[in-house]
Amino acid sequence: MPAPIETSVHIDAPVEVVWRTVSEPDQVVRWFADEIDLRATPGYEGSMTFHPDAGGTVLVPITVETVEPPRRFTYRWGHPAGTAADPGNSTLVEFTLTPEDGGTRLRVVETGHDDLGWPRDQQDAYVDDHNDGWTTHLGRLEQLLARRSADATR
Amino acid sequence: MDDEQLWAAVAEPGRRRVLDALVALGEATPTVLAREVPFTRQAVSKHLAVLLEAGVVAQRRDGREVRYTVRPERLEAAVRAMSAAAARWDARLQAIKRLAEAER
């Protein structure tokens, strides 16, 4: 599914190993947050804590949505602390693990807020039907911006 | 509004469609935009309200109509925020790759 942010990597390790790296708290602190309160259980409400170089502490709430070991792990994050995550106040992060050439293709997709509160599958169907990919959009937007700045300096 | 909020406003797939249609049209009312995307005018108006809040579009009143335009400098900032978020994910995936391959 084309999405606003979609990237993937081939990993020379079995899906079960990659799954643990993506979903187990003692692994996740090694590539993501400085501290993490996370359990790979649907509905689990935890948090990630970052200590930026600039100083201070940033705490980001996280709510686990889908846990299908070892293939699919999704959560919402960025909703205000103390409120329930929903499509209108948080972004959705989706990890998908697929066996590939004796290793694993790990794909991550992050999608922005949906302030209209559509059901997710309806949105996905819509995007599948109508979207030619954010990359294309970005390309078009960048062309437009280049054209506008060229016009402005003319 | 910080970059995270800016990108969240632009990264929603439906809103991206509305923004894309507005980019193509230059200036448009919600009614005209609704002909370009498979949403109702009401849904288009809600998307525009979020984009307006994020500063990515501007509005002006023209008689009884409200017309919207894209603000290129804010759109550019949104595109940059998106690219930065994508780069962060790339870096994280590389870190996951190193960890998983080391454990193997």
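## Sheets and helices of chains A and B

Colleague: Happy to look at this predicted model with you. Which residues of helix 1 of chain A are buried?

Modeller: Here a residue counts as buried if 20 or more other C-beta atoms lie within 10 Å of its own. Helix 1 of chain A is mostly covered, with seven of its nine residues buried. Those buried residues are V15(A), V17(A), V18(A), W19(A), T21(A), V22(A) and S23(A).

Colleague: Nice start. What covers the buried residues of helix 1 of chain A?

Modeller: Both chains contribute to the cover. From chain B comes helix 5. From chain A, the cover includes helix 2 (25-28) together with strand 1, strand 5, strand 6 and strand 7.

Colleague: Let's turn to the sheet of chain A. Which strands stand at its edges?

Modeller: The seven strands form an open sheet in the order 1-7-6-5-4-3-2, with antiparallel pairing. An edge strand has a single partner strand, so one of its sides is left without a neighbour in the sheet. That applies to strand 1 (5-11) and strand 2 (35-37) of chain A.

Colleague: Within that sheet, what is the bridge partner of T66(A)?

Modeller: Look at strand 4 (residues 58-68) and strand 5 (residues 72-77) of chain A, which pair in the antiparallel sense over six bridges. In strand 5 of chain A, the partner of T66(A) is T74(A).

Colleague: And what angle does helix 1 of chain A make with strand 6 of chain A?

Modeller: Helix 1 (residues 15-23) packs on the sheet and touches strand 1, strand 5, strand 6 (91-100) and strand 7 (103-111) of chain A. Its direction and that of strand 6 of chain A make an angle of about 160°.

Colleague: Over to chain B, then. How far apart are the end C-alpha atoms of helix 4 of chain B?

Modeller: Helix 4 of chain B covers residues 41-53, which is 13 residues. At 1.5 Å a residue it should span 18 Å, and the model agrees, because its end C-alpha atoms are 18 Å apart.

Colleague: Why do the buried residues of helix 4 of chain B lie on the same side?

Modeller: The buried residues are V44(B), H47(B), L48(B), V50(B) and L51(B). They lie on the same side of helix 4 of chain B because they cover an arc around the axis of only 160°.

Colleague: One more, please! Which residue is the bridge partner of R61(B)?

Modeller: Chain B has an open sheet of three strands in the order 1-3-2. Strand 2 and strand 3 (residues 65-70) of chain B run antiparallel and are joined by six bridges. In strand 3 of chain B, the partner of R61(B) is V66(B).

Technical notes:
Residues numbered from 1 in each chain as written. Chains lettered and ligands numbered in written order. Predicted model: local features only at pLDDT ≥ 70, side-chain atom pairs only at ≥ 80, totals over all residues. Pairing = 2+ DSSP bridges. Helix = DSSP H or I, 4+ residues; strand = E, 2+ residues; numbered from the N terminus. Contact = placed C-beta atoms within 7 Å. Axes fitted to C-alpha atoms, helices over the stretch in contact; angles between N-to-C directions. Expected span 1.5 Å × (residues − 1). Buried ≥ 20, exposed ≤ 12 C-beta atoms within 10 Å, placed from the backbone. Arc of directions from axis to C-beta.
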